[in-house]
Amino acid sequence: MSTVRTLTVYNGRAFRLADCPLLGADEFRQEVIEGIAAGARPAAFFAYPQPSGACTPHAPRGDCGMRLFAALARAKTGDLAVVSADVGREYAAITPECPQVHLFEREIFEQWNIRPIGHPWLKPVRSPMRGKGDSPHLCEAPSGPFRQMGTVPFSTPEATEFFQMSGEEVHEVAVGPVHAGIIEPGHFRFQCHGETVYHLEIALGYQHRGVERAMRSGPGPRSIHYAETLAGDTTAAHAAAYCRAIEALSATRVTARGQFLRGIALELERVANHIGDLGALAGDVGFLPTLSYCGRIRGDVLNMTAQLCGNRFGRGLLRPGGVALDIEARVVEQLRQRVDTVARDARSAVELLWNVPTVMARFDGVGIVPPETCEQLGLVGVAARACGMPCDVRHDFPYGLYRFTHIPVSTWHTGDVFARAYVRWLEVQRSLAFIAEQLDGLPAGPVIEPRIKGDSPHLPERPGGCCAQMGTVPFYSPLAAQQAVVALIEGWRGEICHVALTGPDGRFAAYKVVDPSFHNWSGLAFALRDQQVSDFPLCNKSFNLSYCGHDL
Amino acid sequence: MFDVLLARWKQGHRTMRYPAGPPPELPERFAGRPVIDAARCPSDCGQCVAACPTGAIGLIQGERGVQLDMGRCLFCRACETSCGAGTIAFSRDYRLAATRREDLIVRDTVRQAAITLDAASRRLFGHSLKLRQVSAGGCNACEADTNVLGTVAWDLGRFGIQFVASPRHADGLLITGPVTKNMRTAVEKTYQAVPWPKLVIAVGACAIAGGPYIGHAEVHDGAASLLPVDLFVPGCPPHPLTILEGLLALLGRR
């Protein structure tokens, strides 16, 4: 074991960039491999232009001017190891040793044309368009096995090469990007023999709208709106990650009441989505009662969020320093009653599932992800907890309200569709109990830090009364220069990671967003192995991953 | 079996009576149709223009007051908060949809325009409208609140409106998202696959003008840049009631 060459940092706490070890590419690689072997999970791994800024992605080989940055989450000790390295046009790929980083390395290649030598499947992640004048940050077309990548200016994600099987009666099924329901676009390619799927490859990128690229130029008036729309069904959690990054880099405190309201919003988001998913799972196996009830109950929960801020998805609620809007005692009382109603309705709707043989026959043993695969792929959130892995940012890297009030980690060991459904139901119950507890103990005081450090002109006067407090609190003042922060949040799908690095001017030098879906799409592909093609919708729904959160 | 029947009894009948009865209750803080009071506007202030993240607000040349483009608006209330004079206020009026893009621009003097569809189309689609939804680069919130219309509480099917699996079975497209460059081909092909005559409905700020991603090189700033749009439904995302009201108004069913 070599001497430790990483910096230990904590969730949501800023550190000086100068303290982050800068290694050679080989040492960096060694540190990442050893860290993962010791039980860490790559929370973020990306490249950004070196602070000197002299070089462009078009610079010749070996003179690239790029820097790699990795954040490894260590659940055992509740901290993160960060490490960085200057890198040329290529470096030895880490994926052969650690499959967890396979998509990160593909992304680094796609975004910055830094080739991980020896990567077994170096194909596009999002196929960003490279028309003339588009996306100036993108590099020139690389050459290699995936000839379409970058060379055809208007190729789409499905126009790439896929892993293929050959043999008698082997056939390929292609689905998407436009699907049969009201679903986001993605392309799925199944290699089948008869009805059995041997391999599924998922090509995404249709939702790529340049939101992460745009966040790099922040903070600005649109930054919080970008954060809120990274994945629309995860508005509160992504906004929380952004706010915590800003708060760390501007030494801003969050008020107690603000923390409570954030916690309530985050858990409402989890409850709404989990209930919706349980209903949709019932629908996918043709059990209509639970589908019908859950669709309605989900709406009731979204309407609770709308009581906080006027928007069913929590837009406009979370802002650096706390939340933008306070609620009156009358609303607290209403919400408290609604929590009980939702708990009662959800129990009657969801618990039907576990007692109906036709449902259980379709849930049990379908789409199994073995625990070893889960670990090797670095799965997070519900998908990982359904494989018996007790990983939960709220427990492992507690933040905000979860430092004071704990939610038990919900796991199930079977790794199948049932496990992913049952973990959701456990979490719904525990989150509802948590929300009730927070509403009962809501502290008094301001909901947002009244004086955000170094930010004089942007906080509007807040006269009393709830209506007068509506609105947004923009935050564009300079942040602490040359610092960085890794902000982890347990969104309803799993671990959300935002990494912000500031330059000498107090603006972002890099901003990285890792949605849980980025880790988990591979899990879906593996869950489909040896399953029937017709089980795909059910397996897909049991993961319910975000396309836009992946495509950014 | 007994459990299923008991649950059915406990859950009760939930479909709303709207449009025959009152609309479902909107949250107190719901941001609906903005109202502009030009008389209150201090000229040459520009606070609201600067505060708007998507450039939805513009000063009117040679006139007092401002105009607000609901097609670009994220309903974030930044303008309302920034204006000390109370020129802009978001009402709780959920009726936002319009058939013409220019009708989304709110001014002091302009009253809400009627939603129009020619008589032939109303006769064709008025009692049966099958839509193919295409998600093209948004954040999935518009999709979620469009999906809600299919739940028992809203029961879109009772109006003869239904989302179908194939564009060949559809009378039109309901597009969400700004239409990314990566989705352009898919959107165009799906549109071509819908038989004539056909409608296009753009739901949400992204599908109307690009939403928060307006101006990004990766997107087309809305469905109207590629296809003729028959109905615009503003919001980020629009409330399900706003979408439903827009659809019903388009079909003359309201």
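This passage walks through a predicted model of two chains, A and B, from the contact between them down to single residues.

The model is a prediction in which local features need a pLDDT of at least 70 and side-chain atom pairs count only at pLDDT 80 or more, while totals for chains, interfaces and linings use all residues. Residues are numbered from 1 along each chain as its sequence is written, and chains are lettered from A and ligands numbered from 1 in the order in which they are written. The scores of the model are ipTM 0.94 and pTM 0.92. For chain B, the average pLDDT (the predictor's confidence in each residue, from 0 to 100) is 91, and 100% of its residues score at least 70.

A good place to begin is the meeting of the two chains. Contact here means that the C-beta atoms of two residues, placed from the backbone, lie within 7 Å. On that basis, 57 residues from chain A and 54 residues from chain B take part. Helix 3 (211-215), helix 4 (223-228), helix 7 (288-309) and helix 8 (329-350) of chain A each give two or more residues to the side of chain A that touches chain B. Helices (H or I, at least four residues) and strands (E, at least two) are DSSP runs, numbered from the N terminus. Helix 7 of chain A gives the most to this side, with ten residues. The side of chain A that touches chain B holds 26 nonpolar, 22 polar and nine charged residues. In this division Ala, Val, Leu, Ile, Met, Phe, Trp, Tyr, Cys and Pro count as nonpolar, Asp, Glu, Lys and Arg as charged, and the others, Gly among them, as polar.

Within chain A, the domain assignment gives domain 1 (7-160) and domain 2 (216-449 + 469-551); such bounds come from an automatic or database domain assignment. Between them, 27 residues of domain 1 of chain A are in contact with 29 residues of domain 2 of chain A. On the domain 1 side, strand 2 (15-16), strand 4, strand 5 and strand 6 (79-87) of chain A each supply at least two residues. Strand 4 of chain A gives the most to that side, with six residues. By class, the side of domain 1 of chain A that touches domain 2 of chain A has 19 nonpolar, four polar and four charged residues.

Strand 4 (41-49) and strand 5 (66-74) of chain A appear again around helix 2 of chain A, whose buried residues pack against these two strands as well as strand 8 (115-117) and helix 14 (516-527) of chain A. A residue is buried if 20 or more other C-beta atoms lie within 10 Å of its own, exposed if 12 or fewer, and partly exposed in between, with C-beta atoms placed from the backbone. Helix 2 (residues 102-112) of chain A is mostly covered, with eleven of its eleven residues buried; among them are A:Phe104, A:Arg106 and A:Trp112. After this helix comes A:Asn113, which has a positive phi near 60°.

The largest nonpolar core has 249 residues. Such a core is a set of buried Ala, Val, Leu, Ile, Met, Phe, Trp, Tyr and Cys residues joined through C-beta atoms within 7 Å. Residues with the most contacts inside this core include A:Ala43, A:Val486 and B:Ile175. Helix 6 (residues 256-284) of chain A provides the largest share, 13 residues. Leaving aside neighbours within four places in sequence, A:Val486 is in contact with residues including A:Val9, A:Ala43, A:Ala71 and A:Val499.

Elsewhere in chain A, strand 9 (residues 170-175) and strand 10 (residues 187-193) pair in the antiparallel sense over six bridges; strands pair if DSSP finds at least two bridges between them. A:Val170 has A:His193 of strand 10 as its bridge partner. Strand 10 of chain A is also joined to strand 11 (residues 196-203) of chain A, antiparallel and over seven bridges, with A:Phe190 opposite A:Leu200. Strands 10 and 11 of chain A form a hairpin with two residues between them, and A:Gly194 in the turn has a positive phi of about 65°.

Finally, a few backbone details deserve a look. Most residues other than glycine have a negative phi, and most peptide bonds are trans. The peptide bond from A:Gly218 to A:Pro219 is cis, with omega near 0°, and A:Pro219 sits in the loop between helix 3 and helix 4 of chain A. B:Phe75 has a positive phi near 55° and is buried, with 26 other C-beta atoms within 10 Å.
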